[in-house]
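Please open the model in your viewer, with a selection panel at hand, and follow the stops below in order.

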Amino acid sequence: MKLGVIQNAVAAIALGVASWAAMGTVQAQPLYDRVNVNLPYTVTIGDHTLQPGDYVIQQLPSESGNSRVVLIYSDNGMKFRTSAMSIPALDPNTARNTQLVLHHFGNDYYLDKIWIQGKDYGYEFPLPDRVKSREKEMSEPVSVAANYSSSKSSENTSAENTTTTASTTENTAANTPPPVENTTPPVENTTPPPPDTAAQTTPPPDTSAQATTPQPSMQSSADRSADNNADRSANANDTNAMPRTSAGWLMMLLSGGALSGAGLSLRRKR
Amino acid sequence: MWSAETKRLISYPLITAGAVLLLLGAREVVEPYVGQKAAARTFDEPSAAVIPAGTKPALQRGDTIGKLTIPRLSATYYVMEGDHEEELRRGPGHLRGSAMPGSQGNCIIAGHRDTHFRILKDIQKGDDILVETKTGQYLYRVKSIRVVPADDTAPLQPTSRAELSLITCFPFYYVGNAPKRFVVEALLAARVSAAAEPVVE
């Protein structure tokens with residue numbers, strides 16, 4: 001009887017030790033990120049072009065467990081490696097969703113970032129040089145000569161027939177749309193998957209950020225140069241005067257205290 | 001010099017005016033705190049409304065448009081739409097007509113130097129400013145800090161890049177209308193699109 005109890009105890013201890021050791025072994029193994037995604041667009045990553053479809057993006061193992069090389073492959077046989085920069089998540093918390101952020105340039109999409117739900121970091125993919133140069137071209141100011149004409153109110157509205165002309169320059173870039181925008185296609189799940197979500201739904205493209213309020217027209221020059229004052233004043237809307245940014249509570253309290261004190265002192269002297 | 005009756009008569013309006021000013025001053029102290037609490041409830045509560053991409057949410061004055069965080073200073077404020085007294089009393093206000101957070105252009109947010117935006121006295125070049133709205137999270141990085149005359153509207157002008165301007169009065173400690181403005185200019189460093197997700201009702 002006693003021997004049986006001892007045997008059982010030894011067996012239980014041995015099982016516990018074995019389980020602990022196995023768990024330790026598993027925990028010691030680094031976990032590599034893996035993202036399954038269904039791309040709705042043709043997306044470019046470096047020199048590779050991914051046709052719409054299902055893809056797996058997987059961090060490659062490395063000795064440090066902090067690899068910045070990822071493997072991208074699909075069922076149709078496409079498979080290649082590319083490098084990515086590890087970037088911190090914006091919020092002190094971790095990313096809310098797993099999502100790919102695409103760089104939308106013209107009709108083309110480029111993989112920009114990958115955020116992973118529950119992780120405090122993401123991956124950023126460098127843009128191809130040709131895109132960078134195009135972007136730079138787009139952001140440079142372009143001046144185009146234009147003819148200014150004035151017309152009398154009694155005349156017809158056709159400006160071509162007016163007599164007074166003057167030469168001026170017009171900043172065409174002010175009316176061009178911003179060169180880039182980010183969009184977010186759907187990302188289905190991650191490894192390890194969150195316990196309560198089977199698949200992330202599709203956040204629509206992030207164009208809303210650029211269309212939320214009537215915003216002033218954009219200037220081609222990054223600096224606030226005097227050349228664009230006319231343009232600015234026409235678009236300044238409510239932003240033509242500095243806001244009053246003082247609550248003045250201290251002044252009120254001091255004045256109120258002084259007045260009340262004066263009133264009370266008058267009554268006291270009575 | 002004055003009779004007791006005259007003094008008594010004078011004391012009434014003085015005490016009344018003083019009490020009113022004390023109450024108004026107290027309101028200026030209390031309402032920023034209460035307003036932020038209310039804005040937090042409004043902004044953080046799950047909304048059943050879906051904001052489709054590319055649409056323009058109809059914002060009214062006083063609506064909470066987002067949350068502004070300066071991690072290094074451990075400061076978080078809920079931003080109202082509009083820069084009138086009513087809005088600025090409750091929190092920093094987004095100037096109507098300026099760009100929305102995250103979009104191209106100059107996003108201008110003003111706040112009272114003696115309540116919410118007093119924290120700006122400690123901000124430094126290179127600090128991160130995180131703005132979270134219903135359309136996503138936007139990380140700005142402070143590129144410059146300057147002080148301009150109160151009538152200098154250059155910081156309000158549109159820009160081609162996605163910028164954020166935080167404006168408050170200067171000096172920070174000053175009784176009366178401060179003669180200058182403290183302007184923090186930050187550039188958009190990154191954005192995370194997180195909003196406009198379909199909501200399961």
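Two strands are taken to pair if DSSP finds at least two bridges between them, and the elements named on this tour are DSSP runs numbered from the N terminus, helices being H or I of at least four residues and strands E of at least two. The model is a predicted one, in which local features need pLDDT of at least 70 and side-chain atom pairs count only at pLDDT 80 or more, while totals for chains, interfaces and linings use all residues. Residues are numbered from 1 along each chain as its sequence is written, and chains are lettered from A and ligands numbered from 1 in the order in which they are written.

**Chain A: confidence**

Begin by colouring chain A by pLDDT, the predictor's confidence in each residue, from 0 to 100. The average for chain A is 61, and 47% of the residues score at least 70. Among the elements of chain A, helix α4 (residues 249-269) has the highest mean pLDDT, 86, whereas strand β12 (residues 165-171) has the lowest, 31. Now select residues 24-29 of chain A, where pLDDT stays under 50 and the model has zero contacts beyond four places in sequence, a contact being two residues whose C-beta atoms, placed from the backbone, lie within 7 Å. Residues 151-237 of chain A also stay under 50, but for these the model has 189 contacts beyond four places in sequence.

**Chain A: strand β1**

Next, select strand β1 (residues 34-39) of chain A and show its side chains. In a regular strand the side chains alternate between the two faces of the sheet. Here V35(A), V37(A) and L39(A) point to one face and are buried, while R34(A), N36(A) and N38(A) point to the other and are not; a residue is buried if 20 or more other C-beta atoms lie within 10 Å of its own, exposed if 12 or fewer, and partly exposed in between, with C-beta atoms placed from the backbone. Adding strand β4 (residues 53-59) of chain A shows the antiparallel partner of β1(A), joined to it by six bridges, with V35(A) opposite I57(A).

**Chain A: around strand β10**

Move on to strand β10 (residues 121-124) of chain A, which runs antiparallel to strand β7 (residues 85-88) of chain A and is joined to it by four bridges; P88(A) stands opposite Y121(A). Strand β9 (residues 108-115) of chain A also pairs with β10(A) in the antiparallel sense, over three bridges, and W115(A) has G122(A) as its bridge partner. In the hairpin of β9(A) and β10(A), where five residues lie between the strands, select G118(A), which takes a positive phi near 85°.

Beyond β10(A), in the loop that leads to α2 (129-139) of chain A, find P128(A). Is P128(A) buried or partly exposed? P128(A) counts as partly exposed because it has 15 C-beta neighbours inside 10 Å. Leaving aside residues up to four places away in sequence, P128(A) touches T44(A) and G46(A); T44(A) is 84 residues away along the chain, yet the two C-alpha atoms are separated by 8.9 Å.

**Chain B: the barrel**

Finally, switch to chain B, which has two helices and eight strands. Of the 201 residues in chain B, 48% are buried. Eight strands of chain B close into a barrel with mixed pairing, in the order β1-β2-β3-β4-β7-β8-β6-β5. Select strand β5 (residues 128-133) and strand β6 (residues 136-149) of chain B, an antiparallel pair with six bridges, in which D128(B) has R141(B) as its bridge partner.
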